[in-house]
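This report is meant for a reader who is meeting the structure for the first time. Please look over the sequence and the model before reading on.

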Amino acid sequence: MSSSKVVAHSSGAPAAASRQGDAALVERCRQGDLGAFEEIYAAHSGRLYSLVCRMLGNAADAEDLLQDIFLSAHRKLDSFRGDSALGTWLYRLAVNHCLDYLRSRAARTNQLTSALDQEFGLDDAGSRRLAEQTLTKLDLERALTRLPEGCRAAFVLHDVQGLEHREVAEVLGIAEGTSKSQVHKARLRLRSLLSGRT
Amino acid sequence: MACERYRQSIQELIDGTLGPIRKAELELHLDQCDDCRGFADDLRRIHETAASLDELEPPDRVWLQIAGRLRQEGRVAVAPAVAPRARRSAAMLAIAAALVLSVAASIVVLMRVNAPQQAPATAAAPAAPGGNAAAPDAVEDVAAEFRLAEQHLQNAISKLEAAAKTDDDIIDAQTAAALQKNLQVIDQAIAESRSALQQEPQSTRARDSLFELLRQKVVLLQDTIALMNEMRKGDSAGAAQILNSPNKS
């Protein structure tokens, strides 16, 4: 059911052309060409902003963080080698910024952060069927903010933004199997939250 | 409770990665097991709702702040970003066009009151602007778009000034003097703003200032004509309302 929506193409001539295009743009940015960086911003800011909003759960903080992400990207362009697609590289940068931000925020407010592999509510005995209730986009957006950050990132990248597990794994720096288990756990947690158990 | 052995398969079914043999086995089971079918339906709904969430667009100010920081830090060449200014000048053209249409409506009303047999004026064809530099129609760049917006406003002002003169003795002397003084103040501000723009043709602030002053002059002239209409109808309450309402900004 999932199909990749990310710029990173899987193989073949379109991927090669895309990588060449990325490399040319990056080179122009390194020369101080603001227009080239604006092209990069225009191509990727929507996806990245969507990810950041859903990770942080707050549009105002997301705007500030998006700015930090692109400024950081510009500073780090020298380290972009073209091994991955530019979109994937930017996603990785964005996720790292989000996780740093969330952990820093949690530390400031003395909240406990959940471990990546936390087990929660896999036994669905007694839960109401989700199918008996209306599920709106807003319900889901709200429930997303209650997911632990690790599986939240995997779920947003895979189910919301349409990346394949292989791409999610590349962005998050994890094994493909771990991406699957994180997304599956996120769905179970969301089902539990949305059916009113917690 | 959903059968434990099928949970993983159901998740992979949602992922679209379940192989054909396991898929066939699962579908057979789902036909027979209400709990598993309900579980699969729930996960499918979550997945489909997630896939339907809108891609969010950051506000324009984010890019402007990024570009500003990069320039400040000396990491890019100085030329400013094009897109936001182009959007602003396009907005100016739209405002000017809307004002021209509203001016045409004002003049039509005034002409009908004065001489119903006369053909109504329209703002369709730009007339020669009153004493100001003519602007080219080409809109290849931001400055040209601004000049076109300015020309539209100037045309509107010329028409309104002409219309206001046709029956200006309907307004009492004191009110007329106050209106005239307001016009003089705005005209002086317009002249100063034009001078600033001549010295700094690329200045966005000078351009915005001139545009806003021209727009205010249009509004003032429109109010003058509306006042004349109310006086002609003998509606002193309507006239008082126009006189007392603050100039639109």
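## The interface between the chains

In this predicted model, the contact between the two chains draws 48 residues from chain A and 47 residues from chain B. Between them, chain A and chain B bury about 4300 Å², and 58% of that area lies on carbon and sulfur atoms.

## Two helices that meet across the interface

Helix H3 of chain A, which covers residues 59-75, meets helix H4 of chain B, which covers residues 60-72, with the two axes coming within 10 Å and crossing at roughly 40°. Because the angle has this value, H3(A) is oblique to H4(B), and the crossing of the two helices is right-handed.

On the side of H3(A), the residues that make this contact are A:Glu63, A:Leu66, A:Gln67, A:Phe70, A:Leu71 and A:His74. H4(B) contributes B:Arg61, B:Val62, B:Gln65, B:Ile66, B:Arg69 and B:Leu70. Sorted by character, the residues of the contact of H3(A) with H4(B) comprise six nonpolar, three polar and three charged.

## Salt bridges

Side chains of opposite charge can pair when their charged atoms come close. Over all chains, a search of the whole structure finds 23 salt bridges, and the count between chain A and chain B is four.

One salt bridge joins A:Lys137 to B:Asp54, with the closest N and O atoms 3.6 Å apart. This pair crosses between chains, since A:Lys137 belongs to helix H5 (residues 137-144) of chain A, while B:Asp54 sits in the loop between H3 and H4 of chain B. Another salt bridge links B:Asp42 with A:Arg191, and here the closest N and O atoms are 2.8 Å apart.

## A helix pair within chain B

Within chain B, helix H1 (residues 4-15) and helix H3 (residues 34-51) have axes that come within 10 Å and cross at roughly 35°. H1(B) passes H3(B) in a crossing that is right-handed.

The residues of H1(B) that take part in the contact are B:Tyr6, B:Arg7, B:Ile10, B:Gln11, B:Leu13 and B:Ile14, and those of H3(B) are B:Cys36, B:Phe39, B:Ala40, B:Leu43, B:Arg44 and B:His47. Taken by character, the residues of the contact of H1(B) with H3(B) divide into eight nonpolar, two polar and two charged.

Key
Residues are numbered from 1 along each chain as its sequence is written. Chains are lettered from A and ligands numbered from 1 in the order in which they are written. This is a predicted model: local features need pLDDT of at least 70, side-chain atom pairs count only at pLDDT 80 or more; totals for chains, interfaces and linings use all residues. Side-chain values use heavy atoms; hydrogens and water are left out. Axes are lines fitted to C-alpha atoms, for helices over the stretch in contact, and angles run from 0 to 180 degrees between N-to-C directions. Helices (H or I, at least four residues) and strands (E, at least two) are DSSP runs, numbered from the N terminus. Angles under 35 degrees count as roughly parallel, over 145 as roughly antiparallel, 65 to 115 as roughly perpendicular and the rest as oblique. A crossing is left-handed if the near helix is turned anticlockwise from the far one by less than a right angle, and right-handed if clockwise. Contact means heavy atoms within 4.5 Å. Ala, Val, Leu, Ile, Met, Phe, Trp, Tyr, Cys and Pro count as nonpolar, Asp, Glu, Lys and Arg as charged, and the others, Gly among them, as polar. Buried area is the accessible area (1.4 Å probe) that two parts lose on being put together, summed over both. A salt bridge is a side-chain nitrogen of Lys or Arg within 4 Å of a carboxyl oxygen of Asp or Glu.
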